[in-house]
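Visitor: I'm new to this structure and would like a close look at one part of it. Could you walk me through how a pair of helices meet, and then what comes further along the chain?

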Amino acid sequence: MEEIHIGEKIREKLDEQGHCVKWFSDKLGFCRDNVYKIFHRKYIDTDLLLKISQLLDYDFFAEYSALLNEKSKSGEQDNCVT
């Protein structure tokens with residue numbers, strides 16, 4: 001199963017838009033060190049992801065929806081017992 005590294009996706013989008021880390025950290029109200037930590041995260045809190053999505057005007061949640069739809073089409077099942 002493909003995984004999403006959300007921190008890398010955020011960094012890519014920031015670079016695509018031509019924004020620097022200082023701009024991003026100022027807008028988030030975080031120090032630069034914490035922004036770099038976000039870039040290394042594989043997972044992120046949904047409230048923070050929403051804030052970043054709004055700031056960068058990009059739906060990062062769509063990345064997960066696309067993966068979910070892909071799994072559904074391929075017939076992958078969750079192995080959880082109910």
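**Where two helices cross**

Guide: Happy to, and keep in mind that this is a predicted model. Let's begin with the handedness: helix α2 and helix α4 cross in a right-handed way. To find them, look for residues 21–28, which form α2, and residues 46–56, which form α4. Their axes come within 11 Å and cross at roughly 120°. Angles over 145 degrees would count as roughly antiparallel and 65 to 115 as roughly perpendicular, so α2 is oblique to α4.

Now for the side that α2 brings to the meeting: W23, F24, K27 and L28. From α4, the residues they meet are L48, K51, I52, L55 and L56. Sorted by class, this contact has seven nonpolar residues, two charged ones and no polar ones. As background, an α-helix has 3.6 residues a turn, so residues three or four places apart point the same way.

Moving along the chain, you reach helix α5, made of residues 61–74. Its length can be checked: at 1.5 Å a residue, the 14 residues of α5 should span 20 Å, and the C-alpha atoms at its ends are 20 Å apart, so the two agree.

One residue to pick out in α5 is E63. The E63 side chain makes a polar contact with the side chain of Y58, at 2.5 Å. Setting aside neighbours within four places in sequence, E63 is in contact with I4 and K9 as well as Y58. Finally, just after α5 comes G75, with a positive phi of about 80°.

Note on methods: Residues are numbered from 1 along each chain as its sequence is written. This is a predicted model: local features need pLDDT of at least 70, side-chain atom pairs count only at pLDDT 80 or more; totals for chains, interfaces and linings use all residues. Side-chain values use heavy atoms; hydrogens and water are left out. Axes are lines fitted to C-alpha atoms, for helices over the stretch in contact, and angles run from 0 to 180 degrees between N-to-C directions. Helices (H or I, at least four residues) and strands (E, at least two) are DSSP runs, numbered from the N terminus. Angles under 35 degrees count as roughly parallel, over 145 as roughly antiparallel, 65 to 115 as roughly perpendicular and the rest as oblique. A crossing is left-handed if the near helix is turned anticlockwise from the far one by less than a right angle, and right-handed if clockwise. Contact means heavy atoms within 4.5 Å. Ala, Val, Leu, Ile, Met, Phe, Trp, Tyr, Cys and Pro count as nonpolar, Asp, Glu, Lys and Arg as charged, and the others, Gly among them, as polar. A polar contact is a pair of N or O atoms within 3.5 Å; within protein, one must be able to donate a hydrogen and the other to accept it, and residues adjacent in sequence count only if both atoms are side-chain atoms. The expected span of a helix is 1.5 Å times one less than its number of residues.
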